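Here are some short exercises to work through with the model open beside you. Try each task before you read its solution.

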Amino acid sequence: MPASRRHHRALAVFVNGLGILAAVPALPTATPTTRAEAAPAVTTPASPPATATPTGPAATPLPTGPATPMATPQPAGHASPAAPGAAATGAVIPVPPGMPAPGMATTANPGSPRPAQPVTVTVAPAGTPVPGYRIQLRNDSGFPLDTTVRQELPAGASPTAVSAGGRAIRSAGNGTAAVTWRLRLPARSTTTLDTALAATPPGTSVTAPACAFTSDGNRPYDCATATWQAAAAPATRVEEAAPAWRRPPILAAALAALLVIAGGGLWWGQRARRRRSGVEPTGAAPTVVGNPTYAGGAAAPGGGTVYPRPAAPGGSGRRRTPPVWMIVGVAAAILAGVVVAAGWTATQRVAAIDTTKQPTSGAWMGRGATGSVGVPLRENAFEFTVYRVACETAGGTGRRCHATVGVRNLTPEQQAWHGELQRAYLPGGNWVSTDEPATRLANLGRDVFAQPVAAGNRVVLPLVFTLNGPQKPKQLELRSGVFSAGVRVDVP
């Protein structure tokens, strides 16, 4: 065998050996049976079923003291499932929350939102001459729930009648009032609450949102809002007439009159100039009777000569130009028309500018809106409703303000939003973004901005803003995206 072929064969054997050595770690290995696996499983005896407090068909008002959480009844013989964050040894292992908020899409299936909260709220205005509302609470769960219901009232409004168990409270800072109830909602029941406010002037609308919170009053189950509309006043509304210089028909007529006057003056001046120069209006020069056609003719004084003299050359014609005053008048009329048209156009554009908007409202998508607490406001993708804004009374740095916000996705696809774009504006013009760690803590460890809002769904959640100083936010700015116009909510 030649030497070259022997070398090739040795190289091939070496490469095959390396391939076998590389494949050995990938082979499946037998897993030895441990003692823990061989040992039989220990079954924990089932805990006795918790007995729920018997309640009647109607909601029962709770005492004003701190409420205790209700135990969830379980069927007998059913073992209590272990908490997801507890190990077999009893040590607590932190587990990130995997369940999204109601109405938010899940990571595994973005198109299917989680079922709604067990408590739903609806608010409807009462058909009464004075502002009134009817609040309905629906408990869809199979066990009673302790809730705190709170209805926010606008500044200056005072309740005159409240359902049994309700308390009217007033904030000393801004004069706003609220009505609260602490109720125990029976399983699968509907509870109705009524409120009435003091009379308002004719034509006034009053918006009063209501929310159902957990027993501690921090986490909202659901919120709703309604606006009571007063009867319109019979007096006719008189609209102020616009100035004459801002009416297009008057401007057009004035411009046409100037042009007609300028044209008439030009024609009259040209005719008068021709008359002064001896030229007929028809253009023919006048003929002087008795004037010889040439100098030295027969009719000339002193007789004629044998050879006729050439005729004297006539005066050379001069080009006619309009007078200076006419040119200046026409130019002034045209300039006045241009100035008036430009001023009217600029006035219309300036009048369309909203000077109450924040500098960040200049956007490319959608149209911005401004309203008060409890009023639904729509922008490009979301409908935002701020139901409540409550700030801590303690001053200093790190003071937190909780805003209960409802977000509805108006688009046919899921939409994500970001905490940096949600802002709280202070009276001085400064603003702060959402405190995302505090917001996650208020939502039981759930990152609400990491989960998109499912198409056509609505979520109600708290947003937390951390302020440095005693001032309260004057306005909230909420938006779905960077290029969205967003909405602005005035905080009382």
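**Exercise 1.** In this predicted model, decide whether R188 is buried, partly exposed or exposed, and find where it sits.

*Solution.* Start with the accessibility: R188 has a relative value of 56%. The cut-off for exposed is over 50%, so R188 counts as exposed. Next, locate the residue: R188 belongs to the loop that links β7 (177–185) and β8 (189–197). Finally, check the backbone: R188 is not a glycine, yet its phi is positive, at about 50°.

**Exercise 2.** Work through L444 in the same manner: what is its accessibility class?

*Solution.* L444 reaches 58% relative accessibility and therefore counts as exposed. Its place is the loop between α5 (436–442) and β19 (458–468). L444 also has a positive phi, about 60°, without being a glycine.

**Exercise 3.** Does the span of α3 agree or disagree with its number of residues?

*Solution.* α3 covers 248–276 and has 29 residues. The expected span is 1.5 Å times one less than the number of residues, which gives 42 Å for α3. The end C-alpha atoms of α3 are 42 Å apart, so the two agree.

**Exercise 4.** Which residues form the nonpolar surface patch, and which helices supply them?

*Solution.* The patch consists of L255, L259, I334 and V338, which together have about 350 Å² of accessible area. α3 and α4 (324–351) each contribute at least two of its residues. I334, in helix α4, is partly exposed because its relative accessibility is 48%. By contrast, the buried residues of α3 are L251, A262, G265, G269 and A272.

Key:
Residues are numbered from 1 along each chain as its sequence is written. This is a predicted model: local features need pLDDT of at least 70, side-chain atom pairs count only at pLDDT 80 or more; totals for chains, interfaces and linings use all residues. Side-chain values use heavy atoms; hydrogens and water are left out. Patches are made of residues with over 30% relative accessible area and no salt bridge: like charges are joined within 9 Å, nonpolar side chains (Val, Leu, Ile, Met, Phe, Trp, Tyr) within 5 Å. Accessible areas come from the Shrake-Rupley method with a 1.4 Å probe; for residues, only the protein chains shown count as cover. A salt bridge is a side-chain nitrogen of Lys or Arg within 4 Å of a carboxyl oxygen of Asp or Glu. Helices (H or I, at least four residues) and strands (E, at least two) are DSSP runs, numbered from the N terminus. Buried means under 20% relative accessible area, exposed over 50%, partly exposed in between (1.4 Å probe, protein chains only).
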